[in-house]
Every structure is written in C-alpha cells, then in structure tokens.
Amino acid sequence: MQQVCLLTVVSLFVTSAQCKTPGLQTRITDRALEYATEVALDILSKQVTGQQIPDQHGQSGDVKFDITGMNVKQFTKLSSRVSLIQNVGLSWSTSGTGLAIHGDFKYKYRKGIIKISDHGSFDLKANGINFQIKIEIGMDGTGRPTMKAVGCSCNVGSADIKFHGGAAWIYNLFSGQLENKLKDMVGGGNGLLCKQLNTLIDVNGMKSLQKLPVTVQIAKRFLLDYRFLSKPSFQTKFMETYHKGEVYWNAVPVDAPFAAPPLLKSSDTSRMMYIWLSDYVFNTMSYNALKYNQLQYNVTNKDLPSGVLNTTCPQSTCIGKIIKAIGTKFPNTTVMLYMKSTSMPNMTVQNGSTVVDAAGDIVFFAQQPGGKYTYFLTLSATMSATISLMIQNEKVFAKVLKLPISVTVKDSKIPVSPEGLNFIVKGIVSVFVEPKLNELGAAGFPLPVINSVHFTNTQLTVAKDTLLIATDLKYSG
C-alpha cells in the first residue's frame, strides 16, 4: 500500500520546547500541508476504490433482502484542509466527497398467499460525505516520532440507490432501509472511511516513520544522530522540530564536550519546508575524528603524481632535486609523509561563507633498505579552506574554492630552503589535501528526509553558525 503524503511529510517534523540547542531544526508550513492533503486524497481514493464491503441482510415489512458482492467503484474528492492544533498535532477534514458502490441483491416478498422472489444488481451513490480526524504526533523513548489517529467522525449527506432487475414496486418497500444501512456502513466512527483512515495513520503512517533516518552511518565509523530532542510543537502557520544533529564515533557514542551554538532566527513561511543545519554537526564529527585518530595519513608515491617523492630522479620535479639535502643524504629511495592533525578542524559559517580551519604536522621519513624508515623533518602546517556548498538530491555537497596553506619548520635534521617549503605546499600538500577534501564533499551529507519526498525550488542561505535551506517539496510516491 502506498503511503499518504500527508503522513510522510508529517513524519519528518516533530518537536517541542527543547532543553538544549539543536544541531538541526526543521519547519514545515501550512503550504506543505495543503499540498500534502491533495496528494493524500489522491492516494486515499486509490485505496478506497475496489474495497470490498461486508454482505448485508435485512427485513423491511414483508420483504427479506440480501445484499452481496459490494465494492466501491468510485471515490471523488472535493475540498480538504488541515489545521494545526497546538500541543496536539493536526486536524484533517474534507467536505463534499462522493462514493459510488455496486453490488448484487436478492429478495423474498411474502404477503398471504403471494410469494415473490427475484435478484439483480444495484448502484448506490453517496454524496456530501464529510469526515474529520485528528492526528496526535509525539515521540517515543528512542527519539523517534509517533503518530496516532483519534476521534474520527464521518457523515453521509445523501444516498441514492438504483436497482437493475426485479419488480420496481417492491424496491420501494425496502430501499429506504437499505440506503440507511449503507450510509451507516460508509459513515460513522466505525464506518468504511474512518476504518481506512485509521489504518492509513496507525499502520501505514507508522511504517513511514520507521523509514525516517534518525541515525545514519557515515564511512562505517561515524553515526549521524538526527533523533528528536522533544515532542511536537505546532503554531498556526507551521510546525517545527528540533533534532540532536550530532555526529558520534560509532563504537563509542558519547556527547562532544561542547554545545551547539544558537541557530539563525527566521519567521519566513513562504516555502514548504525549512532546515537549519548548524556547523555543530560538522564540528562534532571533526572532534571524534581527531579523538579516534582518523585525521592521520601516510602519503606515499601512490597518492601523488609518479615519482614526486623520489629522492633521485632525472627530471627536476622530485623532492630530492627540489630539496637537495634530501637527495644528498638519502639517494635512490623514496620519502613518506606522515600527516596528522594537531587540533580539531573547525567549521565556521558566517556572512555568506563557510571556512574550515585546520592545523597539523607533516613528518618526513626516508625509506631505507629492508623497509625501515629514517625520520629527518617535521613541518607545522595551517590551512583555512573556503568551501562552496550546494543542495542536491536531499544532500549537502561541498567543494573547495580556496585552500591557502602555510608551513613552517618545526624540527629538522637537514637544511630546508623557502623554495623547498613552497614546493612541499604546492607540489605535494595541495595536490593531496584538496582532492581528499573534495572527495569527502562529493560524498554528500544526508538530510533527514524519506526517499519519496524530494526538494524543489531550493535556496541555501549561509549565516552565522547556520546553513538555512528553504525549499518546496514534491512527493514521488
């Protein structure tokens, strides 16, 4: 069974007054809910059409009748609306809906010595159907959202029945009772439509919620936590959610020793959905990457253009020619660079730009016969990378725009000239570091949305400590 778009969209957004600053915040507006109900009614129409209705038996005066083989042939929708109920959830109502039912009948008429029996088929049209249902949205003990249907009511304005076959004068003896029976079966709190709506919310809706990625593994080592901090909050024009938005070391999920900064304030409701993404998300990942020794790498010739780390070469582009002391002291071998961060890389988002500041050491070793390495140089490096961000396929992607790197000699067993340092920065570090950063940025950072909901007409704003994504939504079913 397809999921109702209303439930899918609602399943993304749950919150209340939070006790700590979130790393991610969302807002869904009444525009999104209006769109969602239109899609929801289309899907509900497909689900109701073809539904089988239990057989009915009855007696009206001298006529006994049996109604069998009933099914819904048509479900038409007219108007629908969703309103937000503070501290509760949503109220969804429709008016002017229509339903067409086809079935078979047989009857027995007996009065005195007169006995008549016959059979045929009928078509019922129920018009002016109005229903209203409330959807309570909450949060379970694991930080996942919950939803529950409560207080469904449905009434049928009129029901007109046409019989095919049999004696026309007998229809008048039981048609009124039959119409009332079918109206009661369609309407009421336990009728066909309310049962279907309760199933959609309590069963299908909860299945949609289970597909919401509240935790996402990154590179098999990190755990991105999008769980909710608290229960729902609903305003007149929108509903909002506050998510933890923290990245843990997967094996040891412990909170980082710093809090998320306040997010950008905004009262805009012109788009369907808004996502505030704090730089706290990146920085908690950075913190754990440093803590668990993920920000270190051995760079060898396999990582760079062929021969760059050779100490002896016919051309003038290897490290042994540029820094002649290396070629003299360690001829006919290769150099390995051990790169490690010495402090946590920090993302700063402000004034339309995103900058990642990082510092680390570059330690040089020369390979010796037998596979041993001899240490000879340590450089301190700092960089301040300016990053371009974009939103595509419900992910945040990044690309390096500028990568200024400066290095100084921290410890050395050989003389190193300024030209040698420049070569290391431009010919080695930039060639390796920038592609690695772009590789990470191209993998994308997943946002907490279900696969069937897609962004359209999306705008990204970069403000203090915040990436604000404003977007409309499209449901692909």
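## Exercises on a two-domain predicted model

The domain assignment divides the protein into domain 1, residues 49-210, and domain 2, residues 215-466. The coordinates belong to a predicted model.

**Exercise 1.** Determine how far apart the centres of domain 1 and domain 2 lie, and how many residues each domain brings to the contact.

*Solution.* Begin with the C-alpha atoms of each domain, whose centres are separated by 59 Å. Next, collect the residues on either side of the contact, which draws 15 residues from domain 1 and 13 residues from domain 2.

**Exercise 2.** Describe the area buried between domain 1 and domain 2, and identify which three residues of domain 1 supply the most of its share.

*Solution.* The two domains bury about 970 Å² between them, and carbon and sulfur atoms account for 71% of that area. Turning to the part that domain 1 buries against domain 2, one finds that 47% of it comes from L84, I137 and M139, which is more than any other three residues supply.

**Exercise 3.** Count the salt bridges and the residue pairs in polar contact between the domains, then characterise the side of domain 1 that touches domain 2.

*Solution.* The search for salt bridges between domain 1 and domain 2 returns 0, whereas the search for polar contacts, with both residues at pLDDT 80 or more, returns 1 residue pair. On the side of domain 1 that touches domain 2, at least two residues come from each of the strands β5 (79-85), β6 (89-111) and β7 (114-139). Of the contributing elements, β7 gives the most, with 3 residues. Sorted by character, the residues of this side of domain 1 comprise 7 nonpolar, 7 polar and 1 charged.

**Exercise 4.** Find what the salt bridge between K111 and D62 ties together.

*Solution.* The structure as a whole holds 10 salt bridges, and one of them joins the side chains of K111 and D62, with 3.5 Å from N to O. Because K111 lies in strand β6 while D62 sits in the loop between β3 (56-60) and β4 (63-76), the pair ties together parts that are 49 residues apart in sequence.

**Exercise 5.** Compare the span of helix α2 with the expected value, and examine the backbone at G50.

*Solution.* Helix α2 covers residues 30-48, 19 residues in total, and from its first C-alpha to its last it reaches 26 Å, close to the 27 Å expected at 1.5 Å a residue. G50, which follows α2, has a positive phi, near 95 degrees.

Notes:
Residues numbered from 1 in each chain as written. Predicted model: local features only at pLDDT ≥ 70, side-chain atom pairs only at ≥ 80, totals over all residues. Heavy atoms only, no water. Domains from an automatic or database assignment. Contact = heavy atoms within 4.5 Å. Buried area = accessible area lost by both parts, 1.4 Å probe. Salt bridge = Lys/Arg side-chain N within 4 Å of Asp/Glu carboxyl O. Polar contact = N/O pair within 3.5 Å; in protein donor to acceptor, adjacent residues only side chain to side chain. Helix = DSSP H or I, 4+ residues; strand = E, 2+ residues; numbered from the N terminus. Nonpolar A, V, L, I, M, F, W, Y, C, P; charged D, E, K, R; others polar. Expected span 1.5 Å × (residues − 1).
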